[in-house]
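Dear colleague,

I am passing on to you the structure we spoke about, and I would be grateful if you could look through it alongside the notes that follow.

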Amino acid sequence: MQGTLAYTGLEVLPPFTAWHVPYISDDARKQVLEDWKTRLQNLEQDTPLQFPSLSDFDDKLYPLTLQE
């Protein structure tokens, strides 16, 4: 995600995952769709994922937090 989205300056929201959708019951599938609908209706309340920036690393790309 960081390489394709965050590096270009976009904010990346947490993924929405639905597992084994073709194999779950109709009721479970309906719940997944309701969860997806709720997620879409509340996107502006999601907190974007946090990714490290180049300023978090030294000139050899070692994390600065490891050097303290």
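Let me begin with a residue that you may want to find straight away: His20 has a relative accessibility of 56%, and it therefore counts as exposed, since exposed means over 50%. Please keep in mind throughout that this is a predicted model. His20 is placed in the segment before H1, and its phi is near 50°, which is a positive value in a residue other than glycine. As background to that remark, most residues other than glycine have a negative phi. A positive phi is also found at Leu61, where the value is near 65° and the residue is again not glycine. Leu61 has its place in the segment after H1, and with a relative accessibility of 56% it counts as exposed.

The overall form of the chain

How many helices and strands does the chain have? There is one helix, and there are zero strands. The radius of gyration of the chain is 18 Å, whereas the globule rule gives 11 Å for 68 residues, so the chain is more spread out than a compact globule. Measured out along its principal axes, the C-alpha trace spans about 55 × 25 × 20 Å. Buried residues make up 6% of the 68 residues, and the accessible surface of the chain comes to about 6000 Å², with 57% of it belonging to carbon and sulfur atoms. If one takes the contacts in the chain with a separation of 6 or more, 48% of them are accounted for by residues 24 or more positions apart.

The aromatic pair and the nonpolar patch

The structure holds one aromatic pair. Its members are Phe16 and Trp36, whose ring centres lie 4.9 Å apart and whose planes stand at 50°, so the pair is tilted. The pair links distant parts of the chain, for Phe16 is in the segment before H1 while Trp36 is in helix H1, and the two are 20 residues apart. Phe16 counts as partly exposed at 31% relative accessibility, and Trp36 counts as partly exposed at 38%.

Which residues make the nonpolar surface patch? Phe16 and Trp36 appear here again, together with Leu40 and Leu43, and the patch made by these residues covers about 330 Å². For orientation, the helix H1 that Phe16 precedes runs over residues 26-41.

The salt bridges and the surroundings of Arg39

A search of the whole structure finds two salt bridges. One of them joins the side chains of Arg29 and Asp26, with an N to O distance of 2.7 Å. Because Arg29 and Asp26 are three residues apart in helix H1, they are separated by about one helical turn. As for their surroundings, Arg29 is partly exposed, with a relative accessible area of 25%, whereas Asp26 is exposed, with a relative accessible area of 52%.

The side chains of Asp46 and Arg39 also meet in a salt bridge, here with an N to O distance of 2.6 Å. Is Arg39 buried or exposed? Arg39 has a relative accessibility of 16% and therefore counts as buried, as buried means under 20%. Its partner Asp46 counts as partly exposed, at 26% relative accessibility. Arg39 lies in helix H1, and, leaving out residues up to four places away in sequence, it touches Leu13, Pro14, Pro15, Phe16 and Asp46. Phe16, already named as a member of the tilted aromatic pair, is thus also one of the residues that Arg39 touches.

A last position to look at

Leu49 lies in the segment after H1, and at 30% relative accessibility it counts as partly exposed. How far apart in space are Leu49 and Thr17? From C-alpha to C-alpha they are 15 Å apart, and in sequence they are 32 residues apart.

In going through the model, you might start from Phe16, which belongs to the nonpolar surface patch, has its ring paired with that of Trp36, and is touched by Arg39. From Arg39 you can then go on to Asp46, its partner in a salt bridge.

With kind regards

Terms used. Residues are numbered from 1 along each chain as its sequence is written. This is a predicted model: local features need pLDDT of at least 70, side-chain atom pairs count only at pLDDT 80 or more; totals for chains, interfaces and linings use all residues. Side-chain values use heavy atoms; hydrogens and water are left out. Patches are made of residues with over 30% relative accessible area and no salt bridge: like charges are joined within 9 Å, nonpolar side chains (Val, Leu, Ile, Met, Phe, Trp, Tyr) within 5 Å. Accessible areas come from the Shrake-Rupley method with a 1.4 Å probe; for residues, only the protein chains shown count as cover. A salt bridge is a side-chain nitrogen of Lys or Arg within 4 Å of a carboxyl oxygen of Asp or Glu. Helices (H or I, at least four residues) and strands (E, at least two) are DSSP runs, numbered from the N terminus. The radius of gyration is taken over C-alpha atoms; the globule rule is 2.2 Å times the number of residues to the power 0.38. Buried means under 20% relative accessible area, exposed over 50%, partly exposed in between (1.4 Å probe, protein chains only). Contact means heavy atoms within 4.5 Å. Rings of Phe, Tyr and Trp (its six-membered ring) pair if their centres lie within 6.5 Å; planes under 30 degrees apart count as stacked, over 60 as edge-to-face and the rest as tilted.
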